[in-house]
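Reader: I'm new to this one and would like to learn how to read it. Could you take me through it, feature by feature?

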Amino acid sequence: MSARILIIEDNQANLELMMYLLTHAGYQTIYAMDGEKGLEMIKNEVPDLIICDIQIPKVDGYEIIKTIKSESNVLSNIPLIAITAYAMVGDRERILSLGSDGYIAKPIEPEKFVHQIESFLQEKRNASLSTIEKGS
Ligand code: MN
C-alpha cells in the first residue's frame, strides 16, 4: 500500500502543487489548512509522513513540531518535514532543534520535491528495518 502523506499548508496554490506532485507519484494525500485541524488529523489519521508549513493559522508549525515530537508514542516517530518561506538565519536550526526530521525551503521546486520527500520515507524505512534486525 502506498504511503499516506498529510500536508498542513494554508496557501491554496502550494497545497495544490504538493498534492498534485505526490498524487502523480503514487502517494495518497490528505490535508489540513490550519494547525488546529492539522494536529487533529495527525492524531486521528496517523499518516506515514507529515509535511508542515511553518506559517499557518491557529497553531503554527513550530507548535505542531513541538507537540508531536514531545509525544512519547507512535506519533513522534512519524517523519515530519517542515516547509517554510522564512529565510532568516537560525530558522533551520530552530526547526530541527524542535525535532523536525527535515526542512524544505519555499518555493517548492516541482522537479525536486517528490525526490526530497522520498528520501525521508526511505530513511524511515531503513530505520524500522534496522530495529527489526536488532530485535531478531
Ligand atoms: Mn503559510
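Reader: Let's start small: which backbone oxygen does the side chain of Ser-100 reach?

Author: First, what you're looking at is a predicted model, where local features need pLDDT of at least 70, side-chain atom pairs count only at pLDDT 80 or more, and totals for chains, interfaces and linings use all residues. Residues are numbered from 1 along each chain as its sequence is written, and side-chain values use heavy atoms, leaving out hydrogens and water. Now, a polar contact is a pair of N or O atoms within 3.5 Å; within protein, one must be able to donate a hydrogen and the other to accept it, and residues adjacent in sequence count only if both atoms are side-chain atoms. Here the side chain of Ser-100 reaches the backbone oxygen of Leu-80 at 3.1 Å.

Reader: And is Ser-100 buried or exposed?

Author: Buried means under 20% relative accessible area, exposed over 50%, and partly exposed in between (1.4 Å probe, protein chains only). Ser-100 is buried, at 7%. Ser-100 sits in the loop between helix H4 (91-97) and strand S5 (102-105); helices (H or I, at least four residues) and strands (E, at least two) are DSSP runs, numbered from the N terminus.

Reader: What does the other serine, Ser-2, reach with its side chain?

Author: The backbone oxygen of Gly-26, at 3.1 Å. Ser-2 is partly exposed, with a relative accessible area of 28%, and comes in the segment before strand S1 (4-8).

Reader: Which residues of the largest nonpolar core touch the most other members?

Author: A nonpolar core is a set of buried Ala, Val, Leu, Ile, Met, Phe, Trp, Tyr and Cys residues joined through side-chain atoms within 4.5 Å. This one has 21 residues, and Ile-8, Ile-42, Ile-50, Cys-52 and Ile-64 touch the most other members. Two or more residues each come from S1, strand S2 (28-32), helix H2 (35-45), strand S3 (49-53), helix H3 (61-69) and strand S4 (80-84). The largest share, 4 residues, is from H3.

Reader: How do the buried residues of H2 sit around its axis?

Author: Start with the list: Gly-35, Gly-38, Leu-39, Met-41 and Ile-42 are the buried ones. Seen down the axis of H2, they fall within an arc of 165 degrees (taken from the directions from the axis to the C-beta atoms), so they line one face of the helix. They pack against S1, S2, S3 and H3.

Reader: Which residues hold the manganese ion?

Author: Donors are N, O and S atoms within 2.8 Å of the metal (3.2 Å for Na, K and Ca), and water is not among the atoms, so sites may look incomplete. Here Asp-10 (OD), Asp-53 (OD) and Gln-55 (O) coordinate the ion at 2.0 to 2.2 Å. Asp-10 is in the loop between S1 and helix H1 (12-24), while Gln-55 is in the loop between S3 and H3, 45 residues apart.

Reader: How many salt bridges does a search of the whole structure find?

Author: A salt bridge is a side-chain nitrogen of Lys or Arg within 4 Å of a carboxyl oxygen of Asp or Glu, and the search finds 8. One of them joins Asp-34 to Lys-58, with the closest N and O atoms 3.8 Å apart. Asp-34 is buried at 16% relative accessible area, whereas Lys-58 is exposed at 64%. Glu-9, Asp-53 and Lys-106 are linked in a network of salt bridges.

Methods. Contact = heavy atoms within 4.5 Å.
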